[in-house]
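Trainee: Please take one part of this model and look at it closely, following how its strands pair and what their side chains do. I would like a single connected account rather than a list.

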Amino acid sequence: MTARTLISSLHQLRRGDQVEAERFHLLPRTTFIRRGQVQDIAPGLGVVWIRDSETGQRRVLDSQDYQLWRVA
């Protein structure tokens with residue numbers, strides 16, 4: 001099993017960290033997960049950019065929309 005640490009502040013992240021981002025949808029009741037490597041962080045804006053491990057694309061994640069976890 002992969003060790004995960006909940007990120008309570010974007011200040012805890014560094015470039016190169018591996019993260020999982022979970023977003024809960026009520027209808028239908030599902031959890032949407034993105035995984036990737038941190039590319040850039042803008043704590044003042046509340047966003048982090050990752051390189052999506054599934055698609056290879058750069059994605060922006062808003063910390064208001066996603067619960068972020070650092071993975072080992």
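**Strand pairing and its side chains**

Mentor: Ile 41 stands opposite Val 48 of β4, and that pairing is a convenient place to start, with the caution that the model is predicted. Strands β3 and β4 run antiparallel and are joined by 6 bridges, one further pairing being that of Val 38 with Ile 50 in β4. The two strands form a hairpin with 4 residues between them, and in this hairpin Gly 46 adopts a positive phi near 75°.

On its other side in this account, β4 pairs with β5, again in the antiparallel sense, over 5 bridges. Here Val 48 appears once more, since it stands opposite Leu 61 in β5, just as Ile 41 stands opposite Val 48 in β4. The connection between β4 and β5 is a hairpin with 5 residues between the strands, and Gly 56 in its turn has a positive phi of about 80°.

Several of these bridge partners return when we turn to the interior. The largest nonpolar core has 11 residues, and among them are Val 38, Val 48, Ile 50 and Leu 61, together with residues such as Ile 7, Leu 10 and Tyr 66. The elements that contribute two or more residues to this core are β2 and β4. Nonpolar side chains tend to be buried together in soluble globular proteins. Leu 13, itself a member of this core, gives a sense of the packing: leaving aside residues up to four places away in sequence, Leu 13 touches Ile 7, Val 19, Val 38, Ile 41, Val 48, Leu 68 and Arg 70. The list therefore brings in both Ile 41 and Val 48, and it also holds a charged residue, Arg 70, which deserves a closer look.

Arg 70 makes a salt bridge with Asp 17, with the closest N and O atoms 3.2 Å apart. Because Asp 17 sits in the loop between β1 (4-6) and β2 (18-25) while Arg 70 belongs to strand β6 (residues 67-71), the pair ties together parts that are 53 residues apart in sequence. The two partners are covered to unlike degrees: Asp 17, at 16% relative accessibility, counts as buried, whereas Arg 70, at 23%, counts as partly exposed.

The structure holds 8 salt bridges, and two others bear directly on the strands discussed above. Arg 34 forms one with Asp 52, the closest N and O atoms again being given as 3.2 Å apart. This pair links distant parts of the chain, with Arg 34 in strand β3 (residues 30-42), Asp 52 in strand β4 (residues 47-52) and the two positions 18 residues apart in sequence. Arg 34 is buried, with a relative accessible area of 18%, and Asp 52 is also buried, at 4% relative accessibility. The other bridge joins the side chains of Asp 40 and Arg 58, at 2.9 Å from N to O, and connects strand β3, where Asp 40 lies, to strand β5 (residues 58-62), where Arg 58 lies, again across 18 residues. Arg 58 is partly exposed, with a relative accessible area of 41%. Elsewhere, salt bridges that share partners join Arg 4, Glu 20, Glu 22 and Arg 35 into one network.

The pairing continues on the β2 side of β3. There, 8 bridges join β2 to β3 in an antiparallel arrangement, with Phe 24 having Thr 31 in β3 as its bridge partner, and the two strands form a hairpin with 4 residues between them. Leu 26 lies in the loop between β2 and β3 and counts as exposed, at 64% relative accessibility. Together with Phe 24 and Leu 27, Leu 26 forms a nonpolar patch on the surface, with about 400 Å² of accessible area for the three.

Arg 23, in strand β2, rounds off this region. Arg 23 is partly exposed, with a relative accessible area of 30%, and, apart from residues up to four places away in sequence, it touches Thr 30, Thr 31, Phe 32, Asp 65 and Tyr 66. Of these contacts, Tyr 66 leads back to the nonpolar core, in which it is included, and Thr 31 leads back to Phe 24, its bridge partner. The C-alpha atoms of Arg 23 and Ser 63, which are 40 residues apart along the chain, are separated by 10.0 Å.

Methods
Residues numbered from 1 in each chain as written. Predicted model: local features only at pLDDT ≥ 70, side-chain atom pairs only at ≥ 80, totals over all residues. Heavy atoms only, no water. Salt bridge = Lys/Arg side-chain N within 4 Å of Asp/Glu carboxyl O. Buried < 20%, exposed > 50% of the residue type's maximum accessible area, 1.4 Å probe, protein only. Core = buried A, V, L, I, M, F, W, Y, C linked by side-chain atoms within 4.5 Å. Contact = heavy atoms within 4.5 Å. Pairing = 2+ DSSP bridges. Patch = residues over 30% accessible without salt bridge, like charges linked within 9 Å, V, L, I, M, F, W, Y side chains within 5 Å. Areas by Shrake-Rupley, 256 points an atom, 1.4 Å probe, with all protein chains shown as cover.
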